[in-house]
Amino acid sequence: AAKEMFEAPALPGDPQLSANVSLGTTIMAVAFNGGVVLAADSRTSSGRYVVNRTSNKLTKLTDNIYCCRSGSAADTQFLAEMVSNYLETQRIESGKEVAVVSGASLFHKLCYINKWGISAGIIVGGYDATNGGSVYCIPSGGCMVKLPYALGGSGSIFLYSYMDSHYKPNMTKDECLALCRSAVAHALSRDGSSGGVVRTMCITADGAEDSTTPWTAIPYTLERDPKYQELVKANLPYSSTTKEGENVTDSSQNF
């Protein structure tokens with residue numbers, strides 16, 4: 001009865017701790033004839049705040065397997081470290097190269113059993129002698145699907161139709177790299193939670209090769225698209241009510 005009569009006031013909630021924040025990214029992986037290419041942007045965001053402009057979302061698991069991470073940076077970094085440790089133990093005990101499906105299966109199990117406590121969307125890509133270049137998608141919830149290409153993150157909603165139109169099986173390495181860079185560049189132009197540079201990781205029988213393309217050199221931006229140049233001219237750089245004139249440095253002058 002006393003608790004009902006003298007109810008304690010509710011503590012004010014901290015919006016940075018109690019409210020859900022929007023986490024955004026663009027990640028993808030595409031298999032080609034002889035390997036696989038993983039690509040991602042480099043922006044880590046928390047709501048409207050850009051936490052890191054140049055983060056690396058392509059994480060090494062073994063020499064022949066990498067993953068793309070989306071969701072909570074803390075959750076996915078921890079998962080990647082755990083899977084990497086398991087795979088290294090397997091490689092040492094077996095004395096053989098680890099199959100790509102082994103890494104994907106570990107992510108699948110860890111994400112599924114912890115699906116209510118973590119925010120993680122993973123794309124696993126790599127090359128092994130048995131299956132060649134392989135791509136596995138482990139979205140939020142923990143299922144695992146093998147695909148010729150996989151997309152993830154908030155920027156992926158702008159790329160499904162693009163990939164339907166531009167993807168083709170048995171591409172060459174250079175064609176696949178160009179496709180991935182172009183796709184991520186288009187996502188950067190449309191998705192406010194994606195940005196920074198375009199990182200790629202190409203994995204073949206010869207090993208892994210990474211590259212970074214700065215924003216000034218990516219294949220597509222809205223600012224360079226001729227279709228939008230007329231819109232730029234149509235929008236005045238200042239309001240029509242702005243008073244033009246020299247800056248006044250003497251406060252004694254009458255306005």
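**Sheets, pockets and an aromatic pair in a predicted model**

In the predicted model, Lys60 stands opposite Tyr66 in strand E6. The two strands concerned, E5 and E6, run antiparallel and are joined by 4 bridges. They belong to an open sheet of 5 strands, which follows the order E5-E6-E7-E8-E9 with antiparallel pairing. Strand E5 (58-62) and strand E9 (145-146) occupy the edges of this sheet, and each has a single partner strand, so one side of each is left without a neighbour in the sheet.

A further open sheet, also described by 5 strands with antiparallel pairing, has the order E10-E1-E2-E11-E12. Its edge strands are strand E10 (149-152) and strand E12 (207-213), each of which pairs on one side only, and the twist from one strand to the next averages 15°. Within this sheet, strand E1 (residues 27-32) and strand E2 (residues 35-40) run antiparallel and are joined by 6 bridges; Val30, for its part, has Val37 in E2 as its bridge partner.

Strand E10 also contributes to the aromatic contacts of the model. A search of the whole structure finds 1 aromatic pair. The ring centres of Tyr149 and Tyr167 lie 4.9 Å apart with the planes at 50°, so the pair is tilted, since the term stacked is kept for planes under 30 degrees apart and edge-to-face for those over 60. The pair links distant parts of the chain, 18 residues apart, with Tyr149 in strand E10 and Tyr167 in the loop between helix H5 (160-166) and helix H6 (173-190). Tyr149 has a relative accessible area of 17% and is therefore buried, the limit for that class being under 20%.

Turning to the open spaces, the largest pocket encloses about 260 Å³. Its lining comprises 19 residues, of which Thr44, Lys57, Gly71, Ser72 and Ala73 are the closest to the centre. Strand E3 (44-46), strand E6 (65-71) and helix H3 (73-94) are the elements that give two or more residues to this lining, and the largest share, 4 residues, comes from H3. By residue class, the lining of the largest pocket divides into 4 nonpolar, 12 polar and 3 charged residues.

The second largest pocket holds about 200 Å³ of space. It is lined by 18 residues, and those closest to its centre are Ser70, Ala120, Gly121, Ser140 and Gly153. At least two residues of this lining are supplied by each of E6, strand E7 (120-128), strand E8 (132-138) and E10, with E7 giving the most, at 4 residues. The lining of the second largest pocket consists of 9 nonpolar and 9 polar residues, with no charged residue, whereas 3 charged residues are found in the lining of the largest pocket.

Enclosed space was examined as well, and the count comes to 1 cavity of 30 Å³ or more. The largest cavity contains about 30 Å³ of space and is lined by Cys111, Lys115, Ile118, Ser119, Ala120, Ser140 and Gly141. These lining residues divide into 3 nonpolar, 3 polar and 1 charged. Ala120 and Ser140, named here in the lining of the largest cavity, are also among the residues closest to the centre of the second largest pocket.

How values were computed:
Residues numbered from 1 in each chain as written. Predicted model: local features only at pLDDT ≥ 70, side-chain atom pairs only at ≥ 80, totals over all residues. Heavy atoms only, no water. Pairing = 2+ DSSP bridges. Axes fitted to C-alpha atoms, helices over the stretch in contact; angles between N-to-C directions. 1 Å grid on protein atoms, 1.4 Å probe; cavity = no way out; pocket = protein on both sides within 12 Å on 5 of 7 lines; lining within 4 Å. Points joined across faces, edges and corners; volume = space filled by probe spheres on them. Nonpolar A, V, L, I, M, F, W, Y, C, P; charged D, E, K, R; others polar. Phe/Tyr/Trp six-rings, centres within 6.5 Å; stacked < 30°, edge-to-face > 60°. Buried < 20%, exposed > 50% of the residue type's maximum accessible area, 1.4 Å probe, protein only.
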